[in-house]
Number of protein chains: 2
Amino acid sequence: MKDVANLAGVGVGTVSRMINGTKVKDETFQKVTQAIQELDFIPDETARGLKRSMTHTVALILPTIWHPFFSEFAYYVEKFLSQHNYKLYLCNSDGQSEKEAEYVKLVDQNRCDGIIAITYTDIEHYISDGLPFVSIDRLFTHDVAYVASDNKKIGQLAYQVLKESSVSHFAYVGSHNRVKNRTMERGESFEAAVLKSSALFSKLDMLEPVVDNKTQIKAFLLENPSIDGIFAINDYEALDVLAVLTELGRKVPEDVQVLGCDGIKMSAEREYVVSTIKQPTEAMAKSAVDMVLALAAGEETVKEQLLDVSYIKYQTTK
Amino acid sequence: MKDVANLAGVGVGTVSRMINGTKVKDETFQKVTQAIQELDFIPDETARGLKRSMTHTVALILPTIWHPFFSEFAYYVEKFLSQHNYKLYLCNSDGQSEKEAEYVKLVDQNRCDGIIAITYTDIEHYISDGLPFVSIDRLFTHDVAYVASDNKKIGQLAYQVLKESSVSHFAYVGSHNRVKNRTMERGESFEAAVLKSSALFSKLDMLEPVVDNKTQIKAFLLENPSIDGIFAINDYEALDVLAVLTELGRKVPEDVQVLGCDGIKMSAEREYVVSTIKQPTEAMAKSAVDMVLALAAGEETVKEQLLDVSYIKYQTTK
């Protein structure tokens, strides 16, 4: 199998997956088939049997488990995997693509059956053809399966909520990374909705890694004293906005309303931390698990799931 | 090996571990040796080789990953395991001992090399002799390795901190489970220290599962209006105490000081939520990883690690 892979110029895992019936790109299929013919390769039944024996393990790659959004997501991923008698490998990547790649390799080493990943690194060149890989919140190519909240809807709903709470000067506070991910759409669609309504709009969109977040927010709020409704890219950003407003002696929600996004809670039984547009964490986990198990079994599955969001009213909006 | 295990009345895993050099109880050793002699059993070299090949995986059993203390602990456990080229299986037990037992079985099935567990269930009868198992915060027997914060010191330090902040009427607010665990020592040592000083002392110690926590705290504070310093069993309890104090119009820390325990943060870069006695989460994770890997390798290791705690001043103490 190694020889076939070498001759075809692909990984052993790709050959193995192809032999076991997983679909691969036409081009790859031809290269591998040709190599098989040239080498008179007959798949060893024992090896096929071994390769086919599932490990009943899926790896979850996260930036860090020490974050309420990621730990809630991991909680549900483990719960749904467990219902399928699957175990979960947990990987905190801390943004290191080499560490992420190690987990991708586990699939070829037959130590795990698939990967669910929340990643903002340049991991794309590790994702080989036919690898059972589900990306959360980030679109690689349309060949790579992914699950996300409907981020456009998030921005539109944020506008609607603040509009209905009588906000007149809207603001967006967020940050963005050089690697494009779907969360950037939150601000874009919010801005589009506000501008369409001809209401006043200001924005603070910082480049990550952000230094002195609160200092920048403070300067922004002092420059734009009439802002009375702020949509923050996530709940943490909203908490920082709240801290700055308190420092400036502005009352929330009387003077300024603040709306976050994600819907984080420290744990299941605790309360939300701000009014927020909630991502459907549990539904995202369920979709990701269903998709990765289907891909691992070589079954057909939808490659894209955009899930709906909802407004959670807490103490920071009227 | 199965026949030997049956005759000796122990698990196959115990026989396997003994053959591979892991120390077992004298009594077990004799039973297994006798069975081996009776059956003329010669360990199969291939089987020994297979058994010896490590899986480089450790399982972490937690009540739930969706909790800042547990997710911080899991973050560090994965980090230290990763330095040893080990992977982590994550198990949210949700208090189900059957689910925990599944992970214990993985060791016998040679799917993982050891277990680190935070558990309050009746899991003890699943923990067989010589199983590489490290318990966090709970003492099973002195044969089972465990790592904990020095909970006695926690209570003593809490008293010292509040005493030095001029508290005159001390109170303890906490809850306890029917399964004894070390966290109960926090309240006991705090109470002992206050009583020794002859200062005023009141306590609210609820039996879990606690219903209407805030209602009980409110009644307790109304009955004892002179309380001016409260030590809560953990930071969540402290947050509930703070919510009730706000509702009662009492100022923190001016009228009443509140001190929690654990030292939770939503994530690495966020702030503490109350003044607190901090558990050394990172050091606990490092000890647990070192111990479980030593046990898995059949090496000698300390069986008990009590780690030191520290005071973190935040906004709820003077």
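Trainee: How many residue pairs are in polar contact between chain B and chain A, and what makes a pair count?

Mentor: In this predicted model, 20 residue pairs between chain B and chain A are in polar contact, with both residues at pLDDT 80 or more; a pair counts when N or O atoms lie within 3.5 Å and one can donate a hydrogen that the other can accept.

Trainee: Which elements of chain B supply at least two residues each to the side that touches chain A?

Mentor: They are α5 (68-83), β2 (87-92), α6 (97-108) and α10 (235-247) of chain B, and α5(B) gives the most, with eight residues. By kind, the residues on that side of chain B divide into 18 nonpolar, 10 polar and 13 charged.

Trainee: Why is the meeting of Glu102(B) and Lys87(A) called a salt bridge?

Mentor: The distance from N to O between these side chains is 2.8 Å, and the cut-off for a Lys nitrogen and a Glu carboxyl oxygen is 4 Å, so the pair qualifies. Between chain B and chain A the count is six salt bridges.

Trainee: What area do chain B and chain A bury between them, and which residues of chain B lose the most?

Mentor: The two chains bury about 3500 Å², with 54% of it on carbon and sulfur atoms. In chain B, Trp66(B), Lys87(B) and Met266(B) lose the most area to chain A, together 26% of what that side buries.

Trainee: What is the mean pLDDT of chain A?

Mentor: The mean is 91, and 95% of the residues of chain A reach 70 or more, whereas over residues 45-52 of chain A the pLDDT is below 50.

Conventions: Residues numbered from 1 in each chain as written. Chains lettered and ligands numbered in written order. Heavy atoms only, no water. pLDDT = per-residue confidence, 0-100. Contact = heavy atoms within 4.5 Å. Buried area = accessible area lost by both parts, 1.4 Å probe. Polar contact = N/O pair within 3.5 Å; in protein donor to acceptor, adjacent residues only side chain to side chain. Helix = DSSP H or I, 4+ residues; strand = E, 2+ residues; numbered from the N terminus. Nonpolar A, V, L, I, M, F, W, Y, C, P; charged D, E, K, R; others polar.
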